[in-house]
Amino acid sequence: RKKGLAMAEYTLKYINHRAECDAEAFVNDCEEHYHRQLHLVADQIAANCKRKPVVLLNGPSSSGKTTTNDRLGRILELAGIHTHMISMDDYYRTSGTYDIPFDEENGVNDLESPECMDLDLLRDHLTRLVAGEEIMVPRFDFETRTSHRNDRAVQLHKDEIVMIEGIHAFNPVIMGDLEKHATSVYLSVASVLLTDHNVRVEPHMLRFLRRAMRDSLFRSSPVEHTLKQWNSVRRGERLYISPYRGQADLTVDTYLPYETNILMQYLSEKLQGEEKMLEQADLAPLSAILDKVSPIDYKPYMPEDSVLHEFIG
């Protein structure tokens, strides 16, 4: 593995070789690298927790926010710090009860917009939470795109922390001045995959593979639909995430190189013949790795707390 400027680079030859020769060691090495990062972040959160009882986890689509939030919470619990979890996704509004903003540029609904969320409720909850009051957190069902109100109670007691994850976690429209009570953690895929002919599969392309898999498995959304929506997802990242990522105190690269060997097993066939759509979605380099990625025997070795479960179940 070669390291560029804060960006890890892996070659297709390398991941195929590792997958074929010693799948167990490959899986373990990747998972260990991710966990080492988490422990460093957890140490920082623990050191600040009296002053900053809020942890904000932000990152673009499919950067592994839900799982990383959960894993950090577990590490902190083991260190004796009780943590509450809130996913901003649960504040999405029920489909059909409001006008979804439209992304004119790409001709699709702008599902990334903060306007798709119940902003008033979210702001009210965050303010009351930091003041020590009890709130009733909703739950959003992605299958039916329905919000279920008052799903569970959350209250922040002394020496406890709340971990809030979502693509808008750093957005001042939502967070107001909560930022000063918070440790901000930015998650992303910060790695590049190089093909044999030096075609670069960039981080956002690796995230697309995760999202295409997850949406087809768990969100009743076929791969072609994810492809069609992808330019709008990227536009949302430019508008709603990138402007605020600089305020992160800590960063985590959630890419596990062996994941590409798993995801392409499933997605290669589905992306065959979609070269034109891949090109339109700025994903053309993925065409260069269709049928070029070795499958991996990962099931016996993949830990139950792997970030990949978020995308492959």
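Visitor: Does serine 188 count as buried or exposed?

Guide: This is a predicted model, in which local features need pLDDT of at least 70, side-chain atom pairs count only at pLDDT 80 or more, and totals for chains, interfaces and linings use all residues. Residues are numbered from 1 along each chain as its sequence is written, while side-chain values use heavy atoms and leave out hydrogens and water. The class buried requires under 20% relative accessible area, exposed over 50%, and partly exposed lies in between (1.4 Å probe, protein chains only). Because the relative accessibility of serine 188 is 11%, this residue counts as buried.

Visitor: In which strand is serine 188 placed?

Guide: Serine 188 touches Pro60, Ser63, Val252, Asp253 and Thr254, residues up to four places away in sequence not being counted; contact means heavy atoms within 4.5 Å. Strands (E, at least two residues) and helices (H or I, at least four) are DSSP runs numbered from the N terminus. The run of residues 182–188 includes serine 188 and is strand S10.

Visitor: Which residue of S11 stands opposite tyrosine 10?

Guide: Strand S2 (residues 8–11) runs parallel to S11, joined by 4 bridges; pairing requires that DSSP find at least two bridges between two strands. In S11 (residues 191–194), Ser191 and Leu193 point one way and Val192 and Leu194 the other, all of them buried. The S11 residue opposite tyrosine 10 is leucine 193.

Visitor: Which residue in the turn between S11 and S12 has a positive phi?

Guide: S11 and S12 (residues 200–201) run antiparallel and are joined by 2 bridges. Within this pair, leucine 193 stands opposite valine 201. The two strands form a hairpin with 5 residues between them, and the turn residue with a positive phi, of about 60°, is asparagine 198.

Visitor: Which helix gives the largest share of the largest nonpolar core?

Guide: A nonpolar core is a set of buried Ala, Val, Leu, Ile, Met, Phe, Trp, Tyr and Cys residues joined through side-chain atoms within 4.5 Å. The largest has 62 residues, and those with the most contacts inside it are Phe208, Tyr258, Leu271, Leu283, Leu286, Ile296 and Ile312. Its largest share, 9 residues, comes from residues 23–48, that is, from helix H2.

Visitor: How many residues has the other core, which includes Cys116?

Guide: In the largest core, isoleucine 296 is one of the residues with the most contacts. Isoleucine 296 touches Ala19, Ala23, Phe26, Val27, Tyr258, Asn261, Ile262 and Gln265, again not counting residues up to four places away in sequence. Apart from the largest core lies another, with Cys116, Val154, Ile164 and Tyr186 among its members, and its size is 32 residues.
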